[in-house]
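Reader: I have a structure here. Please walk me through it with short questions and answers.

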Amino acid sequence: MTKPATALAEVFDQGIPVLAVLGAQRAGLLAALLERAATAEEFATDLKLDPLATRLTLNVLVHSGAAVHTDGRYQASPELAERARNAPAASNSI
C-alpha cells in the first residue's frame, strides 16, 4: 500500500516549478530567455544574479518546459515563446 501524497510532496511536485517561474520573471530571466540563448553564467552576469541560483532555476525551467538547454545554452521553449507572443500585454506578462 502506498502512502497518500503529503502537503510537502505536493509543494515539491507543483510549488517549486511555480516559484521558479515567478522568481525568474521577477529577476528578468524569463524576458532574457525570450531575447536570446545564453549560458547560465552569461544570464547571471547580465542580470546581476547569483550564478548557482541562476543555473538551478534554469534547470527547473527546463524540467518544467519553460526553457530548453542545448549545447550549454538556455533559451525560451517554443511553448513559452508562443505564450509570450499571444499574451495581451506581451511585454508585461512574461
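Reader: Is Asp71 buried or exposed?
Author: This is a predicted model: local features need pLDDT of at least 70, side-chain atom pairs count only at pLDDT 80 or more, and totals for chains, interfaces and linings use all residues. Residues are numbered from 1 along each chain as its sequence is written, and side-chain values use heavy atoms, without hydrogens and water. Buried means under 20% relative accessible area, exposed over 50%, partly exposed in between (1.4 Å probe, protein chains only). Asp71 has 75% relative accessibility, so Asp71 counts as exposed.

Reader: Where is Asp71 found?
Author: Strands (E, at least two residues) and helices (H or I, at least four) are DSSP runs, numbered from the N terminus. Phi of Asp71 is near 50°, a positive value in a residue other than glycine. Asp71 sits in the loop between strand E1 (67–70) and E2.

Reader: What is phi of Lys48 near?
Author: Lys48 lies in the loop between H3 and H4. At 74% relative accessibility, Lys48 counts as exposed. Lys48 is a residue other than glycine, yet its phi is positive, near 55°.

Reader: Which helix gives the most to the largest nonpolar core?
Author: A nonpolar core is a set of buried Ala, Val, Leu, Ile, Met, Phe, Trp, Tyr and Cys residues joined through side-chain atoms within 4.5 Å. Among the 16 residues here, Leu29, Leu30, Leu33, Phe43, Leu58, Leu61 and Tyr74 touch the most other members. Contributors of at least two residues each include helix H3 (40–47) and helix H4 (51–64). With 4 residues, the top contributor is H2.
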